[in-house]
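User: I would like to walk through this model and ask how each label is earned. Please set every value against its cut-off.

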Amino acid sequence: MLLLSIGLFICAYTIPSIILAMLQSKHIKLELHKPAVLLESEDYILAGEYALASLRLNIISQLYEMLIFIFWLTFGLSWLSAGLESFFPQANFSSAFSLEGNTLYYDVALVLSFVLLNSIANLPFTIYQVFGLDKKFHFSKQTPRIFITDLLKTFVLSVIIGGAVVALLIFIIDNFRLWWILGFGALLAIVILANCIYPTLIAPLFNKFTPLDDENLKSRIESLLNTIGFKSNGVFVMDASKHDGRLNAYFGGLGKSKRVVLFDTLLDKISADGLIAILGHELGHFKHKDILKNIVIMASLLFVLFFVVGHLPSALFNALGLAHNGSGILIIMLLISPVIAFWFMPLVGYFSRKAEYAADEFGAHISSKHCLANALVRLVNENKSFPSSHPAYIFFYCTHPPLLQRLKALDYEIQH
């Protein structure tokens, strides 16, 4: 059973992920031998080198993730479960890795410990990405103090909010026969609630949001929102520059919590007309109800995940040294979720890319094709994004069409 699980993980996730990364790497290397497109030659090479370095890191992290998966399945889960028993001396154990009676605290601690140890195991890659790769290419502006502070905030939120969510799911799993349906519904409701509270309660813990003080630009944005019927609780500027130099803007939240968020880096680099064109694109997503469509797609992914885990044989849990209860089921769910998400991504990407074309069309109608295209070119130049990808890589990973294709749809003349 263990060998079969490991083999499936490697064949269905690790190997395909590495193959896609290698195809993308080969594609970029070939493109780098051609004349630069959209970017100046120096920036074009820089963007390609950054993309290649990121892909090499991705391949290493995929192999590392495979080793971590093997570790957990072979003896890690048994070791963790047995190790936690010493912290619950008041509990009665009916077997090596199960508890009798009220075990909610133990079960929550088991799941949270698993998540924490996984996060610690992956921390070196995050540190290298931020302070090695992104610093080398002049993207990251984080200081060790900001990084550690954000890390501690994430840990506290994970324990408090994550602990509550885990406790709720364990209760549902342990007390209802059709737990996988009820658990799916509960988690979906939590995801929707999180989207509602994130802009006003969670995001401000990591970044500072201040009302836009450019009255002329603010008036133009509010006029645009009123034209579309988009009701928000304000237009805010986020101090993204303390973390990163890349440009972005987004509409966050659901219901009354919706707000327009502009990165402070964006205001310095994009003209007012270009900014209106970009916001027009984002409003296209609102007009076409893409947020609701994304929730439906996410719900489908969660349903498949709960269905699969809800029908796994008890023999698998026994082989892993886990009780076939709430905590064991959630840990298995966390272990296999990358595999299911990987094979779900093509469906997500297909609908997302279609939505991006439609949003571009809407944004071009709000301003003009020329204005939106110029803004997109400005973004790719400032963010040093490599403008071309391998078709297979696009199929699996890209939620946005390649910029060259988007510009072609906007009748933009590509300069070589």
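Analyst: Let's start with D134, which lies in helix α3, residues 104-136. Helices here are DSSP runs of H or I with at least four residues, strands are runs of E with at least two, and both are numbered from the N terminus. Two ground rules come with this. The model is predicted, so local features need pLDDT of at least 70 and side-chain atom pairs count only at pLDDT 80 or more, while totals for chains, interfaces and linings use all residues. Residues are numbered from 1 along each chain as its sequence is written, and side-chain values use heavy atoms, with hydrogens and water left out.

User: Why is D134 called buried?

Analyst: Buried means under 20% relative accessible area, exposed means over 50%, and partly exposed is in between, with a 1.4 Å probe and protein chains only. D134 has 7%, so it is buried.

User: What makes the link between D134 and Y50 a polar contact?

Analyst: A polar contact is a pair of N or O atoms within 3.5 Å; within protein, one must be able to donate a hydrogen and the other to accept it, and residues adjacent in sequence count only if both atoms are side-chain atoms. The side chains of D134 and Y50 are joined at 2.7 Å. That value passes the 3.5 Å limit, so the label fits.

User: What else does D134 touch, beyond residues up to four places away in sequence?

Analyst: Contact means heavy atoms within 4.5 Å. By that rule D134 touches Y50, Q129, F139, S140 and R246.

User: F139 is on that list. How do you know whether F139 is buried or exposed?

Analyst: Its relative accessible area is 5%, under the 20% limit, so F139 is buried. F139 sits in the loop between α3 and α4 (144-175). Its contacts, leaving aside neighbours within four places in sequence, include Y50, D134, H243, N383 and K384.

User: Where are N383 and K384 in relation to α12?

Analyst: N383 is one of the buried residues in α12. K384 comes just after α12 and takes a positive phi of about 50°.

User: How do you know whether α12 has the span expected of a helix?

Analyst: The expected span is 1.5 Å times one less than the number of residues. Helix α12 (residues 369-383) has 15 residues, and its first and last C-alpha atoms are 21 Å apart, close to the 21 Å expected. Its buried residues include C371, L372, A373 and L376. Among the elements that cover them are α7 (264-269), α8, α11 and α14 (403-409).

User: What makes H281, H285 and E356 one spot?

Analyst: UniProt lists these three under "binding site" in an unreviewed entry. They span 76 residues in sequence, yet no two of their C-alpha atoms are more than 8.2 Å apart, so they gather at one spot. Take the record with care: its positions use the numbering here, feature names are shortened, and annotations may be inferred rather than shown by experiment.

User: Are H285 and E356 buried or exposed?

Analyst: H285 has 13% relative accessible area, so it is buried. E356 has 5%, so it is buried. H285 is in helix α8 (residues 272-287), whereas E356 is in helix α11 (residues 326-366). Leaving aside neighbours within four places in sequence, E356 is in contact with residues including H281, H285 and R406.

User: Why is K289 called exposed?

Analyst: K289 has 53% relative accessibility, over the 50% limit, so it counts as exposed. K289 is in the loop between α8 and α9. Its phi is positive, about 60°, although it is not a glycine.

User: And what makes M298 partly exposed?

Analyst: M298 has 39%, in between the two limits, so it is partly exposed. M298 is in helix α9 (residues 290-310).

User: How is the chain divided into domains?

Analyst: The parts are domain 1 (1-206 + 287-410) and domain 2 (209-282). Their bounds come from an automatic or database domain assignment.

User: How much area is buried between domain 1 and domain 2?

Analyst: Buried area is the accessible area (1.4 Å probe) that two parts lose on being put together, summed over both. For domain 1 and domain 2 it is about 2600 Å², and carbon and sulfur atoms give 64% of it. In domain 1, K141, P199 and I366 lose the most area to domain 2, together 18% of what that side buries.
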